[in-house]
Amino acid sequence: MEIIEDVGWVSQEPAHLEQLKATAAYRLKEQDLLDSLELAIAKSAPQTRASKSPINSYMNESRIGLGVRMTMPITADANRCIWKRDVLMGLYRNLENSSVGDAGATNEGLREFLATVSSNPEMLSEPASVSLLAQEIGATLFSFLMRPIEELGITQPLSAVGVDSLVAIELRNWSRQRLGVELSVLEILGAASIEKLGQAAAGGLLVNLGGAAVNGDAH
C-alpha cells in the first residue's frame with residue numbers, strides 16, 4: 001500500500017510529503033483505505049466445499065493491493081519510485097502502454113504494419129516483415145528487462161538476454177494485446193532467438209488472416 005496523504009504522520013509533515021511527491025509516488029486518501037476495507041470484508045466469505053479447487057486454493061479475493069501506481073510514466077527519467085525497476089512491474093508497463101503508449105512512434109509503426117498486412121497477408125512471408133516483428137518484440141522485451149535498446153540484436157538467444165518465466169508471461173500478454181497472436185510461455189522460453197519469435201508471430205498473424213504459416217520453427 002502507498003502512503004495516505006490526508007491523515008496520519010505524513011499529513012502533518014509537509015516537507016516529507018513533498019519529497020514523496022517528487023518521487024512520483026501515488027498518494028491515497030483516507031476514503032480509499034476505508035473503501036478497500038469494505039471491499040475486503042465483502043469478499044472474505046469462506047469458500048464452500050464445492051468451490052475449492054487446486055486453482056482457487058492459491059487465491060484470496062479479500063487480499064487487495066492499494067496505490068500500486070505512479071503519478072508519471074514509469075519510463076520517465078524524473079520518476080524515482082523505488083519499485084519502477086522491479087521486473088515484476090512488467091505488467092504495469094503493459095497497462096501503461098495500453099493507455100498512453102499508442103502515441104509513440106514505434107506503436108504507430110506497428111499499427112500501420114498490421115493494417116497493411118491485414119489487406120496483404122502475403123507480406124508476412126517476407127523476411128522484412130519477420131525482421132520488423134522481431135524488432136518490435138525485442139524492443140518490448142528489452143523494455144520489460146530495463147535494458148538499453150542499443151544492446152538489442154534479434155539473433156540473440158533468449159537465454160543470453162535474461163528472459164525468465166515472469167518476463168515470458170508479460171511478453172505473451174503483450175503479443176495477445178498488440179498482435180492478436182498467442183505465443184505460449186513455453187514457446188517464448190524455448191525460442192532460439194528473438195528473430196525466431198518474430199517468425200512465430202508472423203506465422204500466427206498469417207494463420208489469423210487465413211493464410212498458411214510462415215516456414216520455420218520458433219524453437
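Visitor: What hand does the crossing of H5 and H7 have?
Guide: H5 and H7 make a right-handed crossing, where the near helix is turned clockwise from the far one by less than a right angle (anticlockwise would be left-handed). The model is predicted, so to speak of local features takes pLDDT of at least 70 and side-chain atom pairs count only at pLDDT 80 or more, while totals for chains, interfaces and linings use all residues. Residues are numbered from 1 along each chain as its sequence is written, and side-chain values use heavy atoms, leaving out hydrogens and water.

Visitor: At what angle do H5 and H7 cross?
Guide: Roughly 135 degrees, with the axes of H5 and H7 (residues 165-179) coming within 10 Å. Axes are lines fitted to C-alpha atoms, for helices over the stretch in contact, with angles from 0 to 180 degrees between N-to-C directions. H5 and H7 are therefore oblique to each other (not under 35, over 145, or 65 to 115 degrees).

Visitor: Which residues meet there?
Guide: From H5, Leu133, Glu136, Ile137, Thr140, Leu141, Phe144 and Leu145 meet Val167, Glu170, Leu171, Trp174 and Leu179 of H7, contact meaning heavy atoms within 4.5 Å. That set divides into 9 nonpolar, 1 polar and 2 charged (Ala, Val, Leu, Ile, Met, Phe, Trp, Tyr, Cys and Pro are nonpolar; Asp, Glu, Lys and Arg charged; the others, Gly among them, polar).

Visitor: And how do H5 and H9 cross?
Guide: The axes of H5 (residues 127-145) and H9 (residues 194-208) come within 7 Å and cross at roughly 120 degrees. H5 and H9 are therefore oblique too, and H5 passes H9 in a right-handed crossing. Among the residues in this contact are Val130, Ala134 and Gly138 of H5 and Ile194, Gly198 and Ala202 of H9. The contact of H5 with H9 divides into 11 nonpolar, 3 polar and 1 charged.

Visitor: Is H9 mostly covered or uncovered?
Guide: Mostly covered: 11 of the 15 residues of H9 are buried, that is, under 20% relative accessible area with a 1.4 Å probe, protein chains only (over 50% is exposed, in between partly exposed). The buried ones include Leu197, Gln199, Gly203 and Leu206.

Visitor: How far does H9 reach?
Guide: H9 reaches 21 Å from its first C-alpha to its last, close to the expected 21 Å (1.5 Å times one less than the number of residues). After H9 comes glycine 210, with a positive phi near 90 degrees.

Visitor: New topic. How many helices and strands does the protein have?
Guide: The protein has 9 helices and 2 strands, which are DSSP runs numbered from the N terminus (H or I, at least four residues, for helices; E, at least two, for strands). Of its 219 residues, 37% count as buried.
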